[in-house]
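This report describes one molecular structure in terms of its cores, cysteines, a pocket and a few single residues. The sequence and coordinates are shown first.

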Amino acid sequence: MAIRIALGTKEILCFIKGTISILDKGSKQYELWRRCDFMVTSWILNSISKDLMDGFIYTALARDLWLEVIERFEECNGPMIYQLHRKISLIAQDNVFVSVYFTRLKRLWDELGSMETLPPCSCGASKVIDEINNKKKLMQFLMGMNNVYGAIRD
């Protein structure tokens, strides 16, 4: 996700989306295009663990590299989703301020939400599901709060 944001701010997300045409070597703009493609490739490679980078280093274009990364890692969301659910179920306020506790929990919820997305619909079901999920989040938040807040929680 961070790489998409970085590339989006530089207005070069088109290199990984494949919406920019590959220029011919004879084109006047080829060197500029190639330099941008190298830069995007470099950003992607730098976002990959050094231990895994060797498996991607010889990919020719940023778009091809991006597709290779997606193909290799996108299907691994199951264990990541499990880990996030586990972290969320175990998180508690402990000895931190409520705002810090909430921020930690919100980060986990947001990360999980980016992996578990609902398909778009026009029937209104997704709005109802969002409301149910928000109630569950509230319950999780309250359950993790210190006993000092018992009166507020109850």
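The text below goes through the nonpolar cores, the cysteines, one pocket and selected residues.

The model is predicted, so local features need pLDDT of at least 70 and side-chain atom pairs count only at pLDDT 80 or more, while totals for chains, interfaces and linings use all residues. Residues are numbered from 1 along each chain as its sequence is written, and side-chain values use heavy atoms, with hydrogens and water left out.

**Nonpolar cores**

A nonpolar core is a set of buried Ala, Val, Leu, Ile, Met, Phe, Trp, Tyr and Cys residues joined through side-chain atoms within 4.5 Å. Buried means under 20% relative accessible area, exposed over 50%, and partly exposed in between (1.4 Å probe, protein chains only). The largest core has 17 residues, and Val-40 and Ile-44 touch the most other members. Two or more residues come from each of helix H2 (14–17), helix H3 (30–46) and helix H5 (62–73). H3 gives the largest share of this core, five residues. A second, separate core holds 12 residues, including Ile-88, Ile-91, Leu-112 and Phe-141. Helices (H or I, at least four residues) and strands (E, at least two) are DSSP runs, numbered from the N terminus.

**Cysteines**

A disulfide is a pair of cysteine sulfur atoms within 2.5 Å, and a search of the whole structure finds zero of them. Why is the sulfur of Cys-121 not in a bond with the closest cysteine sulfur? The closest one, in Cys-123, is 3.6 Å away, which is too far for a bond. Cys-121 is partly exposed, with a relative accessible area of 36%, whereas Cys-123 is exposed at 61%.

**Second largest pocket**

On a 1 Å grid over the protein atoms alone, a pocket is an open set of points where a 1.4 Å probe fits, with protein on both sides within 12 Å along at least five of seven lines; lining residues have an atom within 4 Å of a point. Grid points are joined across faces, edges and corners, and a volume is the space filled by probe spheres set on the points. The second largest pocket holds about 500 Å³ of space. Its lining has 14 residues, of which His-85, Leu-112, Glu-116, Asn-133 and Lys-137 lie nearest the centre. Helix H6 (77–90), helix H7 (98–115) and helix H8 (125–144) each give two or more residues to this lining, and the largest share, six residues, comes from H8.

**Selected residues**

| Residue | Place | Relative accessible area |
|---|---|---|
| Trp-109 | helix H7 | 10%, buried |
| Gln-140 | helix H8 | 14%, buried |
| Asp-94 | loop between H6 and H7 | 51%, exposed |
| Asp-154 | segment after helix H9 (150–153) | 81%, exposed |

Contact means heavy atoms within 4.5 Å. Leaving aside neighbours within four places in sequence, Gln-140 is in contact with Ile-88, Ser-89, Ile-91, Tyr-101, Leu-105 and Trp-109. With residues up to four places away not counted, Trp-109 touches Ile-88, Phe-102, Lys-137, Gln-140 and Phe-141. C-alpha to C-alpha, Trp-109 is 24 Å from Val-69, and the two are 40 residues apart in sequence. Asp-154 and Glu-68 are 86 residues apart in sequence, with 51 Å between their C-alpha atoms.

Asp-94 has a positive phi of about 55°, although it is not a glycine. Most residues other than glycine have a negative phi.
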